[in-house]
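Work through the exercises below with the sequence and the structure at hand, and try each task before reading its solution.

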Number of protein chains: 2
Amino acid sequence: MTIYKIIEDNIKIIDRALDKYVNLESKYERVIYESMRYSLFSGGKRLRPIIAIKTFDMFDDRKEKVLPYAAAIEMIHTYSLIHDDLPAMDDDEFRRGKPTNHIRFGEALAILAGDGLLNLAFETMSKDLVENTQSAEEYRQKARAIYEISQYAGCKGMIGGQVVDITAKPDEMDGERLYYMYEKKTAGLFQAATVAGAILGGARDEEVDLLRSFALNLGLAYQIQDDILDAGEDEDIDKLTYLSFYNLEKAKEAVQNFSKRAHQLLDDLEGRDTSFLRGLTELLVDRKV
Amino acid sequence: MTIYKIIEDNIKIIDRALDKYVNLESKYERVIYESMRYSLFSGGKRLRPIIAIKTFDMFDDRKEKVLPYAAAIEMIHTYSLIHDDLPAMDDDEFRRGKPTNHIRFGEALAILAGDGLLNLAFETMSKDLVENTQSAEEYRQKARAIYEISQYAGCKGMIGGQVVDITAKPDEMDGERLYYMYEKKTAGLFQAATVAGAILGGARDEEVDLLRSFALNLGLAYQIQDDILDAGEDEDIDKLTYLSFYNLEKAKEAVQNFSKRAHQLLDDLEGRDTSFLRGLTELLVDRKV
């Protein structure tokens, strides 16, 4: 099966799961579900949940076990985009060719839709914890996965990265701080995805840590490749990217180095089928869009 | 011990817990902790965590067990105030006599501080789940508490209530919808507090449900009493309150009825010391501020 087919199949699985989780009965507040679903089903690539599922697959084939966690990570990713687009933040009017959430639903609902998705991520995971868990060992696994996700999403992770992004004055920013920001803001949820997938699949601690490092390198390669691709179009000179500190040649070199390191880390996962993660890494590094 | 002394002692316990949980190391993003702590330590009455602790106390005396959950509920309450105060929502410049979070730190950081507190609530609970849980039975209790809290905080609960508040056109609002909104927006976190406290304390299901109903009645009495107290000062004619639909006499009657019902529900908790919850109910209903 080609990697494209695997991705396509998993997108369907994730979309079905999200459709189920974000489809609640409601009386007077239906519009919040419309607003959450508008952003959730707006053509996202589902990279993070796919990574969670395919990492889990390396250790366990009962895919339904990882779905609530994969979906939760996508909800967290989506809420962060909604809040990042707000006028007080990046003030973006379009995302993926469609009006951003606050343009479509107004600022108040966009803030609440973000809050709602973040809350729903933990609601979805804790519901699974209550309803589909038997042994103390299984509780322990799931609890660890939730805690890891919460840390990568929170102030020590993604939110912290966003704070660095919006508060750093141009003259304070340097290469080191940019890496720090990219690690938290972009790589964090990639790490949450691999780590949660691995823990839920029953991976050994050394394997979890190899996948954690793999995802850090993948996330950094992905973000710098993003900067390279955006460089042509992005006329927003205020926006600090990798190319504000390094030239194009250095940027391409960095992408290759992080990608190479990611592959090396997978080499150490002996006896596991790492082909999907390898293929995905190549795909993301070589992509043109 | 007087109820005032009990409240005072518990406020200290809660403040110490919050200080511990919201005091993380950070490099470039320290300001998000300042912003979260600014709102968290701005003179809140700590009602919800006190209710959680004192409900737990009725069933179990190892108070440290309930603290992460009590603190989490206060974090959720605080994030909701920060986001409610934003210009796109209620646009309030002062709260408890101090500038609101976005006035002090700017809108972007206020949004992120709210996100950060909501995330930290679940981070704090899942950390406890990972680090301080032994048996499957104890995991089950804590998982149930987290799931209950997530539901009362989310789109089925507090966020849903806020959506009703900001989206209802004046001619759509009526007494029924107002009750619906108060139940979700105000009573919800009171219910989260009693239910989490009871579950963690090992209460029987019937006891959990009595306390759930008690907190609903307490929350409604509290909110309508709030409307009565605000009626004199609140010159914001756009704001719909109980007094937009009922006269003052009816409002006072409603407060007494909900309070009476709350007491009756406690009567059914045989063999449990309900004195604190009774005292608190009287205090909140009779309060002048």
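A residue is called buried if 20 or more other C-beta atoms lie within 10 Å of its own, exposed if 12 or fewer do, and partly exposed in between, the C-beta atoms being placed from the backbone. This is a predicted model, in which local features need pLDDT of at least 70 and side-chain atom pairs count only at pLDDT 80 or more, while totals for chains, interfaces and linings use all residues. Residues are numbered from 1 along each chain as its sequence is written, and chains are lettered from A and ligands numbered from 1 in the order in which they are written.

**Exercise 1.** Decide whether Gly201(B) is buried or exposed, and find its place in chain B.

Solution. Begin with the element: Gly201(B) belongs to helix α9, residues 175-201 of chain B, where helices are DSSP runs of H or I with at least four residues and strands are runs of E with at least two, numbered from the N terminus. Next, count neighbours: Gly201(B) has 23 other C-beta atoms within 10 Å and is therefore buried. Finally, look for contacts, meaning pairs whose C-beta atoms, placed from the backbone, lie within 7 Å; apart from neighbours within four places in sequence, Gly201(B) is in contact with Phe56(B), Met58(B), Phe59(B) and Asp60(B).

**Exercise 2.** Compare Arg46(B) with Arg96(B) in burial and in phi.

Solution. Start from the general rule that most residues other than glycine have a negative phi. Arg46(B) has a positive phi near 60 degrees, and Arg96(B) has a positive one of about 50 degrees. Then locate them: Arg46(B) lies in the loop between α2 and α3 (47-57) of chain B, whereas Arg96(B) lies in the loop between β1 (94-95) and β2 (98-99) of chain B. Last, Arg46(B) is buried because 23 other C-beta atoms lie within 10 Å, while Arg96(B), with 11 C-beta neighbours inside 10 Å, counts as exposed.

**Exercise 3.** How are chain A and chain B related, and which helix supplies the largest share of the side of chain B that touches chain A?

Solution. First superpose the copies by least squares on the C-alpha atoms of residues with pLDDT of at least 70 in both: a turn of 180 degrees and a shift of 0.0 Å along the axis lay chain B on chain A with an RMSD of 0.0 Å. The two copies are thus related as by a two-fold rotation axis. Then turn to the interface, where 49 residues of chain B are in contact with 49 residues of chain A; the largest share of the chain B side, 15 residues, comes from α6(B).

Note on methods:
Two residues are in contact if their C-beta atoms, placed from the backbone, lie within 7 Å.
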